[in-house]
Amino acid sequence: MDTTSTENGSGVGVLDKAAIVLSALEAGPATLAQLVQSTGLARPTAHRLAVALEYHHLVTRDMQGRFVLGPRLGELAAAAGEDRLLAAAGPVLAALRDHTGESAQLYRRQGDHRICVAAAERPIGLRDSVPVGATLTMKAGSAAQILLAWEEPDRLHRGLLGARFTATQLSAVRRRGWAQSIGEREPGVGSLSAPVRSSNGRVVAALSISGPIERLTRQPGRLHATSVMSSANHLTEMLRRAGG
């Protein structure tokens, strides 16, 4: 029987207890024993809730095995500012498409996938068409590289398992500020991406162009890195001014 009263909680006891666990982790990493002490929950209850929250990426573990707030919380916070991002993205994507002659997209990470949240397609000729709402892999493509490259070490390591790119490539991405891929996601298709950051510097999206290798060549960065980075930086500045 649930002992949480409506006076002290929402009336949904398990949800209230999960919120207590998350609030306790706001103070920093905690072992199970520390979590029990700070929440007042029974040890089996605290463990069950922490593991369940970990399953949903609301909680994760650090290198010492301690419980810490998980990446899904940051993704949800980023989604709360998505309207500002999408409102700013439309004109930027259209200008990037017109300047490079290639289709342009904006991707956000959602769990183990990336979602195309905005796009400006090349109107004629051979093109790479990615519809808004499309769910793509985080294991291949320049946008996946961008969305993974600045993650915490533990999550970065997990993201590299089975990926078409390597830790060395991601190190180069962080150094130069852009990523490229040649046939990683789809044969014959190349892409180039750069990070869009929130006002606190966190990578919240990847701005990309994609098209046939025949046009982008096997070194798309040589052709368009400056343009893609400039557009991504413009979006970052717009988010910064909006407080997003």
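Here is a short chat about the cavity, salt bridges and a surface patch in this predicted model.

Student: How many cavities of 30 Å³ or more does the structure hold, and what volume does the largest have?
Tutor: Using 30 Å³ as the lower limit, the structure holds one cavity. As for the volume of the largest cavity, it comes to about 90 Å³.

Student: Which residues come closest to the centre of the largest cavity?
Tutor: The lining of the largest cavity has 17 residues. Strand S3 (103-110), helix H6 (142-149), strand S7 (189-197) and strand S8 (203-212) each give at least two residues to that lining. The ones closest to the centre are Arg114, Gly141, Arg185, Ser191 and Ser210.

Student: How many residues in the lining of the largest cavity are charged?
Tutor: Let's split the lining by residue class. Four residues are nonpolar and eight are polar. The charged ones number five.

Student: Okay, salt bridges. Is Asp62, the partner of Arg66, buried or exposed?
Tutor: Asp62 and Arg66 form a salt bridge, with their closest N and O atoms 2.8 Å apart. Arg66 has 29% relative accessibility, so it counts as partly exposed. Asp62 has a relative accessible area of 16%, and the cut-off for buried is under 20%, so Asp62 is buried.

Student: How far apart are the closest N and O atoms of Glu54 and Arg61?
Tutor: Glu54 is partly exposed, with a relative accessible area of 25%. Arg61 is partly exposed too, at 30%. The two form a salt bridge, and the distance between their closest N and O atoms is 3.2 Å.

Student: What separates Glu237 and Arg241 along helix H10?
Tutor: These two form a salt bridge, with the closest N and O atoms 3.9 Å apart. Glu237 is partly exposed at 30% relative accessibility, while Arg241 is exposed at 58%. Both sit in helix H10 (residues 220-242), four residues apart, so the separation is about one helical turn.

Student: Which residues are linked with Glu151 in a network of salt bridges?
Tutor: A search of the whole structure turns up nine salt bridges. Some of them join into a network that includes Glu151. Its fellow members are Arg109 and Arg155.

Student: Last one: why does Leu15 count as exposed?
Tutor: Leu15 lies in helix H1 (residues 13-25). Together with Val12 and Val14, Leu15 makes a nonpolar surface patch of about 270 Å². Exposed means over 50% relative accessible area. Leu15 counts as exposed because its relative accessibility is 54%.

Definitions and conventions:
Residues numbered from 1 in each chain as written. Predicted model: local features only at pLDDT ≥ 70, side-chain atom pairs only at ≥ 80, totals over all residues. Heavy atoms only, no water. Patch = residues over 30% accessible without salt bridge, like charges linked within 9 Å, V, L, I, M, F, W, Y side chains within 5 Å. Areas by Shrake-Rupley, 256 points an atom, 1.4 Å probe, with all protein chains shown as cover. Salt bridge = Lys/Arg side-chain N within 4 Å of Asp/Glu carboxyl O. Buried < 20%, exposed > 50% of the residue type's maximum accessible area, 1.4 Å probe, protein only. 1 Å grid on protein atoms, 1.4 Å probe; cavity = no way out; pocket = protein on both sides within 12 Å on 5 of 7 lines; lining within 4 Å. Points joined across faces, edges and corners; volume = space filled by probe spheres on them. Nonpolar A, V, L, I, M, F, W, Y, C, P; charged D, E, K, R; others polar.
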